[in-house]
Amino acid sequence: MDLHFTSAAATPDERAAVDALLGRRLDGLDGANARAQRHLLLPALQSVQERIGWISAGAVNYIGTRLSVPPAEIFGVATFYALLATTPREPIVAHVCDDIACTPAGAERICTQLEAAGATFYRSPCLGLCDRAPAALITKSGTSPSALQVAPADAGSVIRALSDDGGSRRQPTHLGGTRRTLLSRAGRVDPASLDEYRAAGGYAALARAFELGPKGVIAEVTAAKLLGRGGAAFPAGAKMQAVADAPGAPHYLVCNADESEPGTFKDRVLLEDDPFALIEAMTIAAYAIDSPQGFVYLRGEYPLAAQRIERAMEGARTAGLLGTNILERGFDFDIELRRGAGAYICGEETALFNSIEGKRGEPRNKPPFPAQAGLFAKPTLINNVETLANLLPILRDGGAAYAAIGTPQSTGTRLFSLSGAVADPGLYEVPHGMVLRELIELAGGVAGKRPLQAILLGGAAGVFLSPQALDLRLTFEDARAAGATLGSGVVMLFDDRADLEQTVLRIARFFREESCGQCVPCRVGTVRQEEALARRDVTLLPEIAAVMRDASICGLGQTAASVVASARTNLGVFGAHA
């Protein structure tokens, strides 16, 4: 950090941006009590970014004064996130995705045309709009900051948006499947209308939860044998019980909506198309674990989801469904939305906690686990959007009925994000146990009936499969037996025109860029892996993979080599695995 930070002063606009966020909450507080509000640091930085377009030394100093946090620490947080800028930027900025779904769809052509036109833009990792690739995100700073998702994008639409002329917005996500349970209201019920949500069965599950009591709710979730839908597949009932039994108060509930896995967009659709369902589900989970406060940590690249969940929370509070004495049952619970700022690592649960607490989003060592010491060092239940959404059918229909869907070990339905070279990209809900081939056929098969070259299953942290694996049953147990993973539900197709070497290199670059750098195995290993692939020297790849897998602090480093190894083993890309 430059020495000019020591004397730089905030402008009136910067002070106004900070004060608008912090309000009077900090007035009159001494240093220790002000520092206790450090969890407001990231929102304060975002407020300045949205008003001014970047975060200056003066703004950092003013935030430090208000929160009693050293400027050097604030600067360390500000530089951690890709969507925050500590150098001047244009008031309207384009982020053009050049990740594995958008590049085959023409992202490079868009970038070339934007460069030729002299437009200012930034290359971006996956924006969660893979079903409508290529995609761009336009952010506008000022007194009325806004963000616009453009998908499918072209150079013309991006330039129009940069000229503040609008540009084309994204097309809606195609929804399909054979058993639409979580998607039963999506696209059919106005996401802004609480009345329509309740008319479509909304809040029946919460009423049932109050009848059962906290122990009864956990018993139903346990009977349902619900496994987490974020990739780790931990039993949801056991996780809930551990937090409910943990000593210490308060208990916190966190919804992990930082969906940043390339190829994944299922949680975005649930938040945009059925936001009241998440609020109801979080209220049920909070009731079960005796939590007065919940947080939704939403990735910063989802502006429409942020608008709709905020509006839904306001509607629920007005109707007495959030806040004090919910449904006159003597239960108090409220939710706060926290937006991420462009950091894939914050999808890791403990990195997410650090981000909310106003620290760099770096993972913590475990133990202790979140059930014992999570957010603010208190017992915390953290689940992703899809996992929480499953509480509604479980409570509405009963755990046994839910467990009868799918297979004995993989119960219920699953959301799969289909993209790439598929005829009808979109979000599909099917029972566990459907064969991969059937799911792809449900989405129209390979676009243009071209030969299929590869399938990426589970996302960037998943595995590549060859067409010979199309008879794989989509269950946790079958995927595990095949050396694969369902991960975050990504199914991305690559036809015979795809350059798989470049795709693998882009994934390697993704992990290198997204590594937080805290631990040596990941910080160095992701760099060495990308370098080895770039020079086609694969001799050390197995050793690099082993070190990252065995010694990295979190799942990013532990899985950063999985897709590379699977591409070599299953597809012969970069040579067969030694």
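# A guided tour of the predicted model

In E8, one end of the route through the sheet, select arginine 339: this residue is the bridge partner of leucine 298. The model is predicted, and the tour starts from this pair and widens to the sheet around it.

**The four-stranded sheet**

Select strand E7, residues 293-298, together with E8; the two strands pair in the parallel sense over six bridges. Then add the remaining strands of the sheet. Four strands form an open sheet with parallel pairing, in the order E8-E7-E6-E9. Strand E8 (334-339) and strand E9 (380-384) stand at the edges, and each has a single partner strand, so one side of each lacks a neighbour in the sheet. From one strand to the next, the twist averages 20°.

Next, display the helices that accompany these strands. Helix H12 (residues 275-289) lies across strand E6 (252-257), E7, E8 and E9, and runs at about 145° to E6. Helix H13 (residues 303-318) also packs on the sheet, where it touches E7 and E8; its direction makes about 165° with that of E8.

Remain on E8 and select arginine 338 and glutamate 336. Their side chains meet in a salt bridge, with an N to O distance of 2.8 Å. Which of the two is buried? Arginine 338 counts as buried, at 4% relative accessibility, whereas glutamate 336, at 26%, counts as partly exposed.

**The nonpolar cores**

Select Tyr81 and Ile279, the residues with the most contacts inside the largest nonpolar core, which has 141 residues. Helix H12 contributes the largest share of this core, 12 residues. A second, separate core has 27 residues, including Leu418, Tyr428, Leu452 and Leu470.

Return to tyrosine 81 and show its surroundings. Leaving aside neighbours within four places in sequence, tyrosine 81 is in contact with Leu42, Tyr297, Ala341, Gly342, Ala343, Cys346, Ser355, Lys359 and Gly361.

**Strand E11 and its partners**

Select strand E11 (residues 426-431). How many of its six residues are buried? Five are, and the strand is mostly covered. Strand E10 (residues 413-420) runs antiparallel to E11, and six bridges join the two. The connection from E10 to E11 is a hairpin through five residues.

Now add E5, which runs parallel to E11 and is joined to E11 by three bridges. Tyrosine 428 is the place to centre the view: this residue of E11 is the bridge partner of phenylalanine 416, and also that of glycine 176. Tyr428 is also one of the residues of the second core.

**Salt bridges**

A search of the whole structure finds 37 salt bridges. Select glutamate 272 and arginine 170, which form one of them, with the closest N and O atoms 2.3 Å apart. This pair links distant parts of the chain, 102 residues apart: glutamate 272 is in helix H11 (residues 266-273), and arginine 170 is in the loop between helix H7 (155-162) and strand E5 (175-177). Are these two residues buried or exposed? Glutamate 272 is buried, with a relative accessible area of 3%; arginine 170 also counts as buried, at 17% relative accessibility.

Move to helix H20 (residues 500-514) and select arginine 509 and glutamate 513, which are separated by about one helical turn because they are four residues apart in this helix. Their side chains meet in a salt bridge, at 3.2 Å from N to O. Arginine 509 is partly exposed, with a relative accessible area of 22%, and glutamate 513 is partly exposed as well, with 37%.

Extend the selection to Asp98, Asp99, Glu108, Arg123 and Arg506. Together with Arg509 and Glu513, these residues are linked in a network of salt bridges.

**Cysteines without disulfides**

The last stop concerns the cysteines. How many disulfides does the structure hold? It holds zero. Select cysteine 522, which is in no disulfide; the nearest cysteine sulfur, that of cysteine 519, is 5.1 Å away. Cysteine 522 counts as buried, at 6% relative accessibility.

Finally, select cysteine 554. Why is its sulfur not bonded to that of cysteine 522? The closest cysteine sulfur to that of cysteine 554 is in cysteine 522, and the separation of 6.3 Å is too far for a bond, given that a disulfide requires sulfur atoms within 2.5 Å. Cysteine 554 is buried, with a relative accessible area of 9%.

Notes: Residues numbered from 1 in each chain as written. Predicted model: local features only at pLDDT ≥ 70, side-chain atom pairs only at ≥ 80, totals over all residues. Heavy atoms only, no water. Pairing = 2+ DSSP bridges. Axes fitted to C-alpha atoms, helices over the stretch in contact; angles between N-to-C directions. Contact = heavy atoms within 4.5 Å. Buried < 20%, exposed > 50% of the residue type's maximum accessible area, 1.4 Å probe, protein only. Core = buried A, V, L, I, M, F, W, Y, C linked by side-chain atoms within 4.5 Å. Salt bridge = Lys/Arg side-chain N within 4 Å of Asp/Glu carboxyl O.
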